[in-house]
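Please open the model in a viewer and keep the selection panel at hand. The stops below proceed from the interface to the individual strands, a helix and a loop.

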Number of protein chains: 2
Amino acid sequence: MTAVPTTPLSPTDRSRVRRHRDRQRSDRAELHAVLDEALVAHLGRVVDGEPVVLPTLHARVGETLYLHGSRAAASLRGDEPVCVTVTILDGLVYARRWFTHSANYRSAVVRGHARVVVDPEEALAALRALVAHVAPGQEDHAEPPSRKELAATAVLAVDLAEASVKARGGPPGDGDAVAAGDPRWAGVVGLATRVTGVSTCPALPADTPVPRHVPREA
Amino acid sequence: MTAVPTTPLSPTDRSRVRRHRDRQRSDRAELHAVLDEALVAHLGRVVDGEPVVLPTLHARVGETLYLHGSRAAASLRGDEPVCVTVTILDGLVYARRWFTHSANYRSAVVRGHARVVVDPEEALAALRALVAHVAPGQEDHAEPPSRKELAATAVLAVDLAEASVKARGGPPGDGDAVAAGDPRWAGVVGLATRVTGVSTCPALPADTPVPRHVPREA
């Protein structure tokens, strides 16, 4: 465990959770946990006055969130307002009423100004973190980028200064219906991202051993 | 199977895929498939000139995408540019080089103007679709909204007129490394969202039978 800064989340009015305030989390460790577990981030930008949201890979290093070069990153000019949102779906809430249906989830919303990483050392560290985040162990198993590859890769950085975390867990919110005589089943269907199989690159001999760091089917 | 309109996707310049054009899909049926499979959408808006991206539940009815009332929806004033992005992560691409690491995914980006649904009949149909999308069968098992619940629910509608679909599948892109003498393992770790368990609402007797329409652990 590394030390967690004591700065609370949501230091600004606009990043305060407005709806379902009971679902707001205020611990910086929870922000880190959500960012570290999620495999995909959604990067929001304003282009010609309109919103554009694109999926991208991300990794956290301390209080910086790095995003992998994407179409968005490639066209980013430098200091630009962005919103990076990650969502982990933990389950679906089957309730007695349509109205009380919901999802169990954890989500983080990071707002800030994106910076294009230009320092090669920082870019290399960020790419290492990105590879280690989505494919742990590959940062050592695979070859680091050549100078040319490094130059061809866009990496964005966003400070985790302004962020909010929201989560819902637990059973349906309409359990009082039981006492009121409603016998209908209600509950939660738990969901998670699982490994469904590992397929070796067809260019390799089929019996090439799969390294131990590669996750297996659950 | 319902008939699929023949309008191609991406009728505008700005919704053409710029990076990795080989990953662009142009079939409207693929757009529908991605939207229908994904359980979470990310809604992007512009608020005070800056992007805001929030997760929400969605459902498609024909060529309309409905979004469940959220903080964003509640504050939407009517005709406002939005971007709705859904991403399905199918796998992680373990390559020989950091540079060639990637993700297998399918994503849809829908751009348009959000309309707040005011017609009670359309709102009811949209809510039915939303419940049926995330919890199939519950639209009949659970109670439709009262007039009061209906009034308290915000539903947004976005036309699927302007949308793009991108997908990556298959093995790592650096298979030529094998012929060049690189013996290192590379491949794809397949991923999917799976049911991890079903838990009955604790307000009910524990032996309350789980209805057949509720999905079970894989």
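How many residues of chain B are in contact with chain A? In this predicted model, 80 residues of chain B contact 80 residues of chain A.

**The interface**

Select the side of chain B that touches chain A. Strands S2 (41-47), S3 (50-56), S6 (80-94), S7 (102-116) and S10 (187-200) of chain B each supply at least two residues to this side, as do helices H2 (71-75), H3 (120-134) and H4 (138-141). The largest share, 14 residues, comes from S10(B). Colouring the side of chain B that touches chain A by residue class gives 49 nonpolar, 20 polar and 11 charged residues.

Next, select residues 187-200 in both chains. Strand S10 of chain A and S10(B) run antiparallel and are joined by 13 bridges. To locate one end of the register, pick A:Gly187, which stands opposite B:Thr200 in S10(B).

**The relation between the copies**

Superpose chain B on chain A. A turn of 180° with a shift of 0.0 Å along the axis lays chain B on chain A with an RMSD of 0.0 Å. The two copies are therefore related as by a two-fold rotation axis. To find the axis in the viewer, select B:Thr193: in chain B its C-alpha is the nearest to the axis, at 2.2 Å. Both copies use the same surface, since 100% of the contact residues of chain B recur in chain A.

**Strand S6 of chain B and its partners**

Select residues 80-94 of chain B, which form S6(B). This strand is mostly covered, with 12 of its 15 residues buried. Which strands pair with S6(B)? Three can be displayed in turn, namely S2(B), S7(B) and S10(B).

- S2(B) runs antiparallel to S6(B) and is joined to it by three bridges; B:Leu43 stands opposite B:Val84.
- S7(B) is also antiparallel to S6(B), with 13 bridges between them; B:Cys83 stands opposite B:Arg111.
- S10(B) pairs with S6(B) in the antiparallel sense over four bridges; B:Gly91 has B:Gly190 as its bridge partner.

S10(B) thus appears at two stops: it is bridged to S6(B) within its own chain and to strand S10 of chain A across the interface.

**Helix H3 of chain B**

Select residues 120-134 of chain B, which form H3(B). At 1.5 Å a residue, the 15 residues of this helix should span 21 Å, and the distance of 21 Å between its end C-alpha atoms agrees with that. Which residues of H3(B) are buried? They are B:Ala123, B:Ala126, B:Leu127, B:Ala129, B:Leu130, B:Val131, B:His133 and B:Val134.

**Chain A and a loop residue**

Turn now to chain A as a whole. Its secondary structure comes to six helices and 10 strands, and 42% of its 218 residues count as buried. Among contacts between residues at least 6 apart in sequence, 69% join residues at least 24 apart.

Finally, zoom to A:Val117, in the loop between strand S7 (102-116) and helix H3 (120-134) of chain A. Is A:Val117 buried or exposed? A:Val117 counts as buried because it has 23 C-beta neighbours inside 10 Å. Leaving aside residues up to four places away in sequence, A:Val117 touches A:Glu122, A:Ala123, A:Ala126, A:Val155, A:Leu156 and A:Ala157. For a distance check, add A:Asp182, 65 residues away along the chain: its C-alpha and that of A:Val117 are separated by 58 Å.

Note on methods
Residues are numbered from 1 along each chain as its sequence is written. Chains are lettered from A and ligands numbered from 1 in the order in which they are written. This is a predicted model: local features need pLDDT of at least 70, side-chain atom pairs count only at pLDDT 80 or more; totals for chains, interfaces and linings use all residues. Two residues are in contact if their C-beta atoms, placed from the backbone, lie within 7 Å. Ala, Val, Leu, Ile, Met, Phe, Trp, Tyr, Cys and Pro count as nonpolar, Asp, Glu, Lys and Arg as charged, and the others, Gly among them, as polar. Two strands pair if DSSP finds at least two bridges between them. Copies are superposed by least squares on the C-alpha atoms of residues with pLDDT of at least 70 in both. A residue is buried if 20 or more other C-beta atoms lie within 10 Å of its own, exposed if 12 or fewer, and partly exposed in between; C-beta atoms are placed from the backbone. The expected span of a helix is 1.5 Å times one less than its number of residues.
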